[in-house]
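Subject: Structure handover

Dear colleague,

I am passing on the structure we spoke about, and my notes on it follow below. Please keep the view open while you read, since the notes go from one part to the next.

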Amino acid sequence: MSTRTTPLKTADHGGRTDLARIVALVEEDLRSVNETINDRLRSDIALINQMGTYIVSGGGKRLRPLTVLLSARACEHKGDTHIALAAIVEFIHTATLLHDDVVDASDMRRGKATANEVWGNEASVLVGDFLYSRSFEMMVELGSMRVMEVMAKTTNRIAEGEVMQLINCHSPDTTEKQYLETIRRKTAKLFESSAQLGAVISGQSSAVEQALADYGRHLGTAFQLIDDMLDFSADAEELGKSIGDDLAEGKPTLPLINALQRGSETQKRRLAEAIKSGGLDQIDDVLEAIESTGSLAYTARLAGEEAELAQQALAIMPGSPYKQALQDLAKFAVERNF
Ligand code: GRG
């Protein structure tokens, strides 16, 4: 498929530099997080070590750990609980990716073959289970019932979101409301908890905790909206995975839902057919419909509004470089092309 230009892509906003600047602020913390990740990945089962290293060191952006660290630092956290928490969140994220790639039969992620492509579905599901259960072992070590409560609810919501998505798959009748509810659960919830827990471990007031949870929810929603837009518009090499995956799987994401609402009768018929059947046979018609109805721009606009709400949620926080970095992370979520 050809590379498309979206309203968000400008010469200055590929995202990498912006992210590097944010990362630099908590570089030392992130180094400790990576050490903890490598340390806690270890098992006496060789396959777990091999696959764990492949996936966890596979070039992920570490956005969720970054959210934990920045939130904790913005809350003037004392101690090192934020390091373990950031590793826990990345383990959970990685477990969901392993399972998701099996569910979607994906063969490429982060510019490399997926674990299921290399080791098969069974191994991927089971190593996902290892990472997921290891994260709960680590939470027990932290000894905070509040952290466990938040993360237990979060992983449950993620699973619900994924089931909602499965139910809506191949259904052109999926509404924008149902789509937004799905992405809030499957993606935004983990960002929400990452930001919220930074406040929880720092003993902040419930108002600050709520503000950071709101920030994370809006950030995660913006992030997934852009993810769904990039699936139709990105450069596959830059994105590190194939383009058109969502359509191929019959996933009714917002660019498709919006095009279905605004398209001509012919476009509507073709879009509905494409979602029902899945596959990429009708990709050219679908792209034409998405483009002519302004559906990528619509998705980007909604993402921009979510990023704005994320930044507004931080109004309660005192000024600091970490607060500024959280604001920048929200901007990055919508300006990125990878
Ligand atoms: C194991 C709790 C548990 C649940 C399994 C399969 C599943 C239920 C959930 C999948 C949820 C999922 C994968 C949502 C998509 C989130 C998303 C856009 C991931 C990509 O995030 P990036 O770009 O990844 O931050 P990197 O590669 O940078 O780490």
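The ligand sits in the largest pocket, and please bear in mind throughout that this is a predicted model. Helices H5 (81-103), H8 (145-168), H9 (176-200) and H10 (206-233) are the elements that each give two or more residues to the shell around the ligand, and among these H5 gives the most, with five residues.

In total, 18 residues surround the ligand, and the closest are Lys61, Arg64, His93, Arg110 and Gln224. By type, the residues of this shell divide into four nonpolar, seven polar and seven charged.

Three of the side chains can be described in terms of their distance to an oxygen atom of the ligand. For lysine 61, a polar side-chain atom lies 2.6 Å from such an oxygen, and for arginine 110 a polar side-chain atom is likewise 2.6 Å from an oxygen atom of the ligand, while for histidine 93 the distance from an N or O atom in the side chain to a ligand oxygen is 2.8 Å. On its own the ligand has 750 Å² of accessible area, of which the protein covers 91%.

Turning to contacts within the protein, the structure holds 24 salt bridges. One of them joins the side chains of aspartate 29 and arginine 73, with 2.8 Å from N to O. Because aspartate 29 lies in helix H2 (residues 27-41) and arginine 73 in helix H4 (residues 63-74), this pair ties together parts that are 44 residues apart in sequence.

With best wishes

How values were computed
Residues are numbered from 1 along each chain as its sequence is written. This is a predicted model: local features need pLDDT of at least 70, side-chain atom pairs count only at pLDDT 80 or more; totals for chains, interfaces and linings use all residues. Side-chain values use heavy atoms; hydrogens and water are left out. A residue is near a molecule or strand if one of its heavy atoms lies within 4 Å of it. A polar contact is a pair of N or O atoms within 3.5 Å; within protein, one must be able to donate a hydrogen and the other to accept it, and residues adjacent in sequence count only if both atoms are side-chain atoms. Accessible areas come from the Shrake-Rupley method with a 1.4 Å probe; for residues, only the protein chains shown count as cover. On a 1 Å grid over the protein atoms alone, a cavity is a set of points where a 1.4 Å probe fits but cannot get out, and a pocket is an open set with protein on both sides within 12 Å along at least five of seven lines; lining residues have an atom within 4 Å of a point. A molecule sits in a cavity or pocket if more than half of its atoms lie within 2 Å of its grid points. Helices (H or I, at least four residues) and strands (E, at least two) are DSSP runs, numbered from the N terminus. Ala, Val, Leu, Ile, Met, Phe, Trp, Tyr, Cys and Pro count as nonpolar, Asp, Glu, Lys and Arg as charged, and the others, Gly among them, as polar. A salt bridge is a side-chain nitrogen of Lys or Arg within 4 Å of a carboxyl oxygen of Asp or Glu.
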